[in-house]
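Colleague: Got a minute to walk me through this model? I'd like to go through the sheets and the ligand site, one question at a time.

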Amino acid sequence: MNVLGVLQGEFLKLRKRPAVWVCIGILLLLLLAFGYLLSWIVFTYTKPPTGPNGVPPGVTYADLKKGLYPLHFIQNTLNGGTQLGGVLALIIGVLSQGSEYGWGTVKTAFTQRPRRLEWLAGKLVSVALTMLVMTLLLLAMAALTSFVLATIDGGDRTWPAAVVILKGILSAWLIYCFWGFFGFGLATLFRQSAMAIGLGLAYALVIEALIFGLLSQFVGDPVRKVQQWFPLANAQYLIQSFGPPTREVGANPRPPFADATHAVTMLLLYCVAFVILSAVFLQRRDVTS
Amino acid sequence: MPAGELVVETRGLSKRYGNTVLAVDQLDLNVHRGEVYGFLGPNGAGKTTTLRMLLGLIRPTAGSATVAGHAPGDPAGLARIGAIIETPAFYPYLSGWDNLKVVADYAGVPDSRLADALEQVELTPRAKTKFSTYSMGMKQRLGVAAALIKEPELLILDEPTNGLDPQGMIDMRKLIVELGKGDRTVLVSSHLLGEVEQMCTRIGVIQDGKLVAEGTIGELRGAATLTVRAAPVSQAQMVLTRMLGADAVIQRDGAFRLRVDAGRAAEVNRELVTAGVEVSELVSGQRSLEDVFIELTGTEGGL
Ligand SMILES: Nc1ncnc2c1ncn2[C@@H]1O[C@H](COP(=O)(O)OP(=O)(O)O)[C@@H](O)[C@H]1O
Ligand SMILES: [Mg+2]
């Protein structure tokens with residue numbers, strides 16, 4: 001009962017908050033520009049370079065272009081839209097909670113009626129639904145763009161199977177929810193936005209991308225065995241389960257270290273962990289500001 | 001002592017921050033239905049900490065409280081309480097109206113009450129502008145409107161005149177008196193004796209976390225007191241202290257103020273004279289509330 005009221009309030013706050021729409025807008029624009037238009041222009045108006053950095057032998061730009069058409073829109077979006085998208089989801093998650101501390105509105109919220117955990121539930125559901133909106137907008141834009149490009153080229157306009165589309169939506173949503181809840185949990189822990197965004201990005205860039213990236217290149221499998229328990233690696237497995245990125249058509253990509261089931265389980269566990277962390281801190285701490 | 005149901009009742013309520021600061025110490029507060037209760041104390045006395053505990057924002061270290069019939073923070077209780085703690089906090093990017101709407105959604109209150117609440121605090125003309133553009137007085141009034149949409153039986157207002165200009169303070173006091181009419185209970189904290197005296201029917205005085213007095217203004221001013229001028233002062237002090245106890249003897253402006261019934265004037269005089277002290281003045285009179293406050297708290301209380 002109280003949760004529904006919180007949810008209603010949260011929707012109003014999210015809907016009217018410019019920062020949320022700026023984040024989603026940036027994501028859409030970047031995917032449109034770099035995931036589609038730039039590639040399309042390159043593939044249409046330039047010749048493939050030759051030599052070691054060129055496309056694999058026997059592959060033409062026309063082959064690569066097929067990756068931009070509707071059949072591959074899920075894969076293309078997951079590859080292009082979940083890393084930067086993750087960062088923007090992190091920001092949305094952080095702002096949802098960090099701002100409440102920054103503006104002192106925690107005390108306003110806690111003195112209305114809902115219990116603290118009811119308020120938390122309403123907020124987390126609203127963050128998850130924002131992530132779903134972001135996912136759907138992104139995929140819709142990708143679908144539309146891919147359809148338009150295929151039409152211009154007179155190329156193949158076949159859509160992926162419905163089940164692939166559904167899996168794609170759920171995967172992108174899960175990855176965004178991981179990021180969103182990660183940000184939300186950090187903001188709850190630090191009771192502010194700046195620390196949460198900073199540490200969230202530092203974790204993603206330094207721990208997972210840099211350290212694991214380097215180590216797994218030089219040390220190999222022993223590192224990957226550890227890495228498989230970390231969230232960003234699992235997001236990557238999930239994305240790879242949809243097939244190799246289209247720009248690697250013809251190359252012989254390494255299969256993902258773990259399968260989609262492992263990836264989904266781990267990401268869900270991380271989401272649950274952040275929910276529990278937020279709940280414990282919210283419930284136990286005094287509100288003194 | 002006005003009879004009546006207690007809307008706020010605390011027993012041994014205490015809060016320790018960390019290991020050192022005992023912000024609230026064994027507080028027994030009694031607020032009756034329909035009162036405008038002034039919670040008076042200098043800065044740092046523990047007012048905000050107490051009010052936060054009443055709302056469930058802070059967990060007490062010890063003791064208990066019942067507020068509007070429920071434990072602090074209980075949804076059923078919160079539904080009947082409107083509160084502003086320190087400065088009112090809202091979403092800066094939302095209009096006053098949308099902020100009220102969020103609060104109404106949270107509280108499960110129908111939107112039909114929003115317009116009335118805004119009207120009551122005279123904020124209707126600015127309802128559609130962003131909260132971040134509001135003056136301090138408007139923010140405070142939006143806070144009151146948000147507290148009112150629940151049609152609360154208890155209003156908890158923490159220093160609601162803080163940060164307002166003189167006209168704003170006057171308006172806010174009038175509004176509080178208005179809101180306290182009828183059955184509604186108002187618990188308002190302040191460090192200003194004068195404003196509490198203007199607004200409130202009963203007062204609780206808090207000092208260093210302890211409730212040092214509670215009662216109506218009449219009760220606090222108490223029975224008549226005695227003022228004595230006598231020399232030598234040190235010997236007079238000794239005699240009076242032996243006779244009445246150190247607590248009842250306050251030395252100010254070269255005179256002694258005795259917290260003792262005026263009926264004992266002759267007795268006091270006799271004791272002093274017997275001890276060889278020369279009494280030059282002995283008058284009975286009622287203390288002003290200001291004197292009471294200064295005696296209780298040892299501060300000028302922002303007067
Ligand atoms: N979050 C906190 N941590 C530690 N000490 C605090 C905190 N909040 C208040 N205090 C201390 O508790 C005492 C009472 O503060 P407060 O309740 O704000 O008083 P008032 O509202 O009467 O001015 C003060 O000594 C203050 O410094
Ligand atoms: Mg205070």
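**Sheets and a shared site**

Modeller: Sure, and keep in mind that this is a predicted model. A good place to start is strand 4 (residues 36-40) of chain B, which pairs with strand 9 (residues 202-207) of chain B in the parallel sense over four bridges.

Colleague: Which residue of strand 9 of chain B does B:Tyr37 stand opposite?

Modeller: Strand 4 and strand 9 of chain B pair in the parallel sense. In strand 9 of chain B, the residue opposite B:Tyr37 is B:Arg202.

Colleague: What is the order of the strands in the open sheet of six strands in chain B?

Modeller: The pairing in this sheet is mixed. Strand 6 (81-84) and strand 10 (210-216) of chain B are at the edges with a single partner strand each, so one side of each has no neighbour in the sheet. Neighbouring strands are turned by 15° against each other on average, if you ignore direction. Read across, the order is 6-7-8-4-9-10.

Colleague: At about what angle does helix 6 of chain B run to strand 8 of chain B?

Modeller: Helix 6 covers residues 166-179 of chain B and lies across strand 4, strand 7 (154-158) and strand 8 (185-190). Its direction relative to strand 8 of chain B is about 150°.

Colleague: And which strands of chain B does helix 11 touch?

Modeller: Helix 11 (residues 289-297) of chain B packs on the sheet, and its direction makes about 30° with that of strand 9 of chain B. The strands of chain B that helix 11 touches are strand 4, strand 9 and strand 10.

Colleague: On to the ligand. Why is the site of ligand 1 shared between chains?

Modeller: Look at the residues around ligand 1: they include A:Thr288, and also B:Tyr17, B:Pro42 and B:Lys47. The site is shared because the residues that surround ligand 1 come from chains A and B.

Colleague: How far from an oxygen atom of ligand 1 is the N or O atom in the side chain of B:Thr48?

Modeller: There are backbone contacts to list too. A backbone N or O atom of B:Gly44 lies 2.6 Å from an oxygen atom of ligand 1, and a polar backbone atom of B:Gly46 is 3.0 Å from an oxygen atom of the ligand. For the side chain of B:Thr48, the distance is 2.7 Å.

Colleague: How much of the accessible area of ligand 1 does the protein cover?

Modeller: On its own, ligand 1 has 560 Å² of accessible area. The part covered by the protein is 63%.

Colleague: Which element gives the most to the shell around ligand 1?

Modeller: By type, the shell residues divide into five nonpolar, six polar and one charged. Two elements of chain B give two or more residues each, strand 2 (21-27) and helix 1 (47-54). With three residues, the one that gives the most is helix 1 of chain B.

Colleague: Now the sheet of four strands in chain B. Which strands stand at its edges?

Modeller: This open sheet has the order 12-13-11-14 with antiparallel pairing. Two of its strands have a single partner strand each, so one side of each is left without a neighbour in the sheet. Those edge strands are strand 12 and strand 14 (278-285) of chain B.

Colleague: What is the bridge partner of B:Val228 in strand 14 of chain B?

Modeller: Strand 11 and strand 14 of chain B run antiparallel and pair over seven bridges. Across from B:Val228, the bridge partner is B:Leu282.

Colleague: Which residue in the turn between strand 12 and strand 13 of chain B has a positive phi?

Modeller: Strand 12 (residues 249-252) of chain B pairs with strand 13 of chain B in the antiparallel sense over four bridges. These strands form a hairpin with two residues between them. The phi in question is about 55°, and the residue is B:Asp253.

Colleague: Last one: in the hairpin of strand 1 and strand 2 of chain B, which residue takes a positive phi?

Modeller: Strand 1 and strand 2 of chain B pair in the antiparallel sense over four bridges, with B:Leu13 opposite B:Leu27. There are three residues between the strands of this hairpin. The residue with the positive phi, near 60°, is B:Gly18.

Technical notes: Residues are numbered from 1 along each chain as its sequence is written. Chains are lettered from A and ligands numbered from 1 in the order in which they are written. This is a predicted model: local features need pLDDT of at least 70, side-chain atom pairs count only at pLDDT 80 or more; totals for chains, interfaces and linings use all residues. Side-chain values use heavy atoms; hydrogens and water are left out. Two strands pair if DSSP finds at least two bridges between them. Axes are lines fitted to C-alpha atoms, for helices over the stretch in contact, and angles run from 0 to 180 degrees between N-to-C directions. Contact means heavy atoms within 4.5 Å. A residue is near a molecule or strand if one of its heavy atoms lies within 4 Å of it. A polar contact is a pair of N or O atoms within 3.5 Å; within protein, one must be able to donate a hydrogen and the other to accept it, and residues adjacent in sequence count only if both atoms are side-chain atoms. Accessible areas come from the Shrake-Rupley method with a 1.4 Å probe; for residues, only the protein chains shown count as cover. Ala, Val, Leu, Ile, Met, Phe, Trp, Tyr, Cys and Pro count as nonpolar, Asp, Glu, Lys and Arg as charged, and the others, Gly among them, as polar.
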